[in-house]
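Colleague: Can you walk me through this one? I'd like the overall picture, then some detail.

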Amino acid sequence: MVDEEEIVLSPSELGGGLSKYVAKYYNISQDCGRINVGTTGCIRLNKEGSIDEYKTYTGEKINFGYLDDGTLVLNDGTTLFFEQGSQATTLGYYLIGIDINGYKNKPNRLGHDLFVFKIEDNGELTPTKKIKEWNPYGLCSKTSSSDVNGYGCTLDAIKDTNYFKNLPK
């Protein structure tokens, strides 16, 4: 068990508590909880196991399974999504998705207004480019129809000065 004052960022030690830990340090307007079929949070999986509010980088149905373990809405509307469950333990790091203009405001697309970062055990926040255990194809591609396309766009958005001028429609 982790002491309240101790900061542990290892998924195997902190388990599913990252969103609760983060909530203590931000002005949270809503804790939406997990994203699953039948949950009562802000965002829910539909009957097909997808979510209607978000799309991939190219506008396709999204696999939100890597950001479904916790959702917090900040007072300014910014929405934080957490992967803090079994996939985080398998990956060896947490994922945090940040919708910079909030889930109620479009475009709600990976790599457009939703960006994903890794939180390493040492506390380093790293923009995603490629996530080792995922299919490496189409993680930030204008031509891919992969349901994880866009999870790997964050580093490109930070480094490429023309990135936002060239987003797919």
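Modeller: Half of it is hidden, to begin with: 50% of the 169 residues of the protein count as buried. Keep in mind that this is a predicted model.

Colleague: How many helices and strands does the protein have?

Modeller: There are four helices and six strands. Starting at the N terminus, the order is α-α-β-β-β-α-β-β-β-α.

Colleague: And how much surface does the protein expose?

Modeller: About 8,800 Å², with carbon and sulfur atoms supplying 48% of that.

Colleague: What share of the contacts is between residues 24 or more positions apart?

Modeller: Such pairs make up 53%, counted among contacts with a separation of 6 or more.

Colleague: On to the strands. In what order do they sit in the sheet?

Modeller: The order is 1-2-3-4-5-6, in an open sheet with antiparallel pairing. At the edges are strand 1 (28–31) and strand 6 (125–127), each of which pairs on one side only. Neighbouring strands are turned by 25° against each other on average, ignoring direction.

Colleague: What holds paired strands together in general?

Modeller: Strands of a sheet pair through backbone hydrogen bonds, and the pairing can be parallel or antiparallel.

Colleague: Start at the strand 1 end, then. How many bridges does strand 1 have with strand 2?

Modeller: Three, and strand 2 covers residues 71–74. One residue pair to look at is glutamine 30, whose bridge partner in strand 2 is valine 73.

Colleague: What about strand 3 and strand 4?

Modeller: Strand 3 (residues 79–83) runs antiparallel to strand 4, and five bridges join them. Threonine 79 stands opposite aspartate 99 of strand 4. Aspartate 99 also has a bridge partner in strand 5, leucine 114.

Colleague: How many bridges join strand 4 to strand 5?

Modeller: Six, again antiparallel, with strand 5 spanning residues 114–119. Leucine 95 is bridged there to lysine 118. Lysine 118 in turn has threonine 126 as its bridge partner in strand 6.

Colleague: Are those middle strands buried or exposed?

Modeller: Strand 4 (residues 94–99) is mostly covered, with five of its six residues buried. In strand 5, six of the six residues are buried, so strand 5 is largely enclosed by the rest of the structure.

Colleague: Which way do the residues of strand 5 point?

Modeller: Leu114, Val116 and Lys118 point one way, Phe115, Phe117 and Ile119 the other, and all are buried. In a regular strand the side chains alternate between the two faces of the sheet.

Colleague: What links strand 5 to strand 6?

Modeller: They form a hairpin with five residues between them. Glycine 123, in the turn, has a positive phi of about 95°. Three bridges join the two strands, which run antiparallel.

Colleague: Changing topic: where is threonine 128?

Modeller: Threonine 128 is in the loop between strand 6 and helix 4 (154–159).

Colleague: Why does threonine 128 count as buried?

Modeller: Its relative accessibility is 1%, and the cut-off for buried is under 20%, so threonine 128 counts as buried.

Colleague: What is threonine 128 in contact with?

Modeller: Beyond its neighbours within four places in sequence, the contacts of threonine 128 include Leu95, Val116, Phe117 and Lys118. Tyr151, Gly152, Cys153, Thr154 and Leu155 are also among them.

Colleague: How far apart are threonine 128 and glycine 152?

Modeller: They are 24 residues apart in sequence, and 4.9 Å apart in space from C-alpha to C-alpha.

Methods. Residues numbered from 1 in each chain as written. Predicted model: local features only at pLDDT ≥ 70, side-chain atom pairs only at ≥ 80, totals over all residues. Heavy atoms only, no water. Buried < 20%, exposed > 50% of the residue type's maximum accessible area, 1.4 Å probe, protein only. Contact = heavy atoms within 4.5 Å. Areas by Shrake-Rupley, 256 points an atom, 1.4 Å probe, with all protein chains shown as cover. Pairing = 2+ DSSP bridges. Axes fitted to C-alpha atoms, helices over the stretch in contact; angles between N-to-C directions.
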